[in-house]
Amino acid sequence: MEDKIKKILISKEKIADRIHELGKDITKEYKDKNLYVLSLLRGSFIFAADIVREIDLPTKIGFMTTSSYGHSEVSSGCVKVVNDIQDDIKGCDVLIVDDIIDTGITMDFVIGHIKALGATSVKCCVLLDKPERRKLELKPDFCCFEIPDVFVAGYGLNYGDYYRNIPYVFNWE
């Protein structure tokens, strides 16, 4: 894919503007609640860092690593917990932050896992929503952008082990 031309789908400026708006919405939603932001690594680390800086509330932050893609462009459909959440989240209102929701299989798995750990409430926030690929009836509670069914990289999303550091979302032409 590297010999093809990158096509910017969402600019870094557009991402920053939308995250600022979403931060206000999340602040309003979680006012007077015990907010715990759970970043799903590795894909969400850039988005999670940016979104938590836009939340104007006391916020605990934790991390969990799952895997369903490996080095492929499509989900395997099998979710593995690589590194589980380390904190006790009983009594917390958990906001799961991920880079993208497409089939919904990973998010559905993580939501069930977090509920089983005793969270008071569980919602999800994603940078990108790809509803055409959904295999489960699941809609993100907070979403920056809905995109068509194209393979994307950049802004935390990878292809193989690369491109997470690109400050915008792109695909190849």
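## Overall fold

Reading from the N terminus, the elements of the chain follow the order β-α-β-α-β-β-β-α-β-β-β. That makes three helices and eight strands in total. Please keep in mind as you look around that this is a predicted model.

How compact is the chain for its length? Its radius of gyration is 15 Å, close to the 16 Å that the globule rule gives for 173 residues, so the chain is as compact as a globular protein of that length. Along the principal axes, the C-alpha trace spans about 50 × 35 × 25 Å.

## Packing, surface and charge

Of the 173 residues, 49% count as buried. Long-range contacts are well represented: among contacts between residues at least 6 apart in sequence, 68% join residues at least 24 apart.

Turning to the outside, the accessible surface comes to about 9,100 Å², and carbon and sulfur atoms account for 48% of it. The chain carries 23 positive and 28 negative charges, and the mean positions of these two sets are 1 Å apart.

## A threonine before helix 3

Thr 103 is a nice residue to click on. It sits in the loop between strand 5 (93–101) and helix 3 (105–116). Is Thr 103 buried or exposed? With a relative accessible area of 3%, Thr 103 falls under the 20% cut-off, so it counts as buried.

The side chain of Thr 103 also has a backbone partner: one of its polar atoms lies 3.2 Å from the backbone nitrogen of Ile 105. Ile 105 is the residue at which helix 3 (105–116) begins.

## Unusual backbone geometry

Most peptide bonds are trans, and most residues other than glycine have a negative phi. Where does this chain have a cis peptide bond? The bond from Leu 41 to Arg 42 is cis, with omega near 10°. Arg 42 belongs to the loop between strand 2 (35–41) and helix 2 (45–53).

Two residues are worth a look for their phi values. Asp 32 is not a glycine, yet its phi is positive, at about 65°. Asp 32 is in the loop between helix 1 (12–29) and strand 2, and at 77% relative accessibility Asp 32 counts as exposed.

Tyr 163 likewise has a positive phi, near 80°, in a residue other than glycine. Tyr 163 is found in the loop between strand 7 (142–146) and strand 8 (169–172). Unlike the exposed Asp 32, Tyr 163 counts as buried, with 13% relative accessibility.

Note on methods. Residues are numbered from 1 along each chain as its sequence is written. This is a predicted model: local features need pLDDT of at least 70, side-chain atom pairs count only at pLDDT 80 or more; totals for chains, interfaces and linings use all residues. Side-chain values use heavy atoms; hydrogens and water are left out. Helices (H or I, at least four residues) and strands (E, at least two) are DSSP runs, numbered from the N terminus. The radius of gyration is taken over C-alpha atoms; the globule rule is 2.2 Å times the number of residues to the power 0.38. Buried means under 20% relative accessible area, exposed over 50%, partly exposed in between (1.4 Å probe, protein chains only). Contact means heavy atoms within 4.5 Å. Accessible areas come from the Shrake-Rupley method with a 1.4 Å probe; for residues, only the protein chains shown count as cover. Lys and Arg count as positive and Asp and Glu as negative; His and the chain ends are not counted. The place of a charge is taken as NZ of Lys, CZ of Arg, CG of Asp or CD of Glu. A polar contact is a pair of N or O atoms within 3.5 Å; within protein, one must be able to donate a hydrogen and the other to accept it, and residues adjacent in sequence count only if both atoms are side-chain atoms.
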